[in-house]
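Hello,

Here is the structure for you to look through. My notes follow below it.

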Amino acid sequence: MNHGFTKDRKKHYLAVNVALRGDEISIRFQDDCKRFDPMERLKQIYENPDVTRNIGIRLITKIAKQMDYINTLKLNNLIIKV
């Protein structure tokens, strides 16, 4: 929220959906923030020796079985399966 939405004073959209299928949990984040693909940033993130930087992305990538990102119709869609 702090990084994605600009101070343009427009109303923005954020949706979080959670689904349980068997023993797998799928979480989908969808927003109209500026384009941000966390998978593109992973290499940069893990090159930084300071493990406290980008702690949220680091934690999620450690526990996720799968992460998929797509930007469609100016909406970011991040699906994380754990």
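Start with the loop residue Lys-74: at 73% relative accessibility, Lys-74 counts as exposed (exposed means over 50% relative accessible area, buried under 20%, partly exposed in between; 1.4 Å probe, protein chains only). This is a predicted model: local features need pLDDT of at least 70, side-chain atom pairs count only at pLDDT 80 or more, and totals for chains, interfaces and linings use all residues. Residues are numbered from 1 along each chain as its sequence is written, and side-chain values use heavy atoms, with hydrogens and water left out.

Lys-74 sits in the loop between E3 and E4 (helices, H or I of at least four residues, and strands, E of at least two, are DSSP runs numbered from the N terminus). Its phi is positive, near 65 degrees. Leu-73 lies in the loop between E3 and E4. Leu-73 also has a positive phi, about 55 degrees. Most residues other than glycine have a negative phi. Leu-73 is exposed, at 77% relative accessibility.

Now helix H1, residues 38-47. Its buried residues are Pro-38, Leu-42 and Ile-45. They fall within an arc of 80 degrees seen down the axis, so they line one face of the helix (the arc is that of the directions from the helix axis to the C-beta atoms). They pack against H2, E3 and strand E4 (contact means heavy atoms within 4.5 Å). On the other side of H1, Glu-40, Lys-43 and Glu-47 are exposed.

Last, Lys-65. It is in the loop between H2 (55-63) and E3 (66-72). Lys-65 is exposed, at 56% relative accessibility. The C-alpha atoms of Lys-65 and Val-82 are separated by 5.2 Å.

Best wishes
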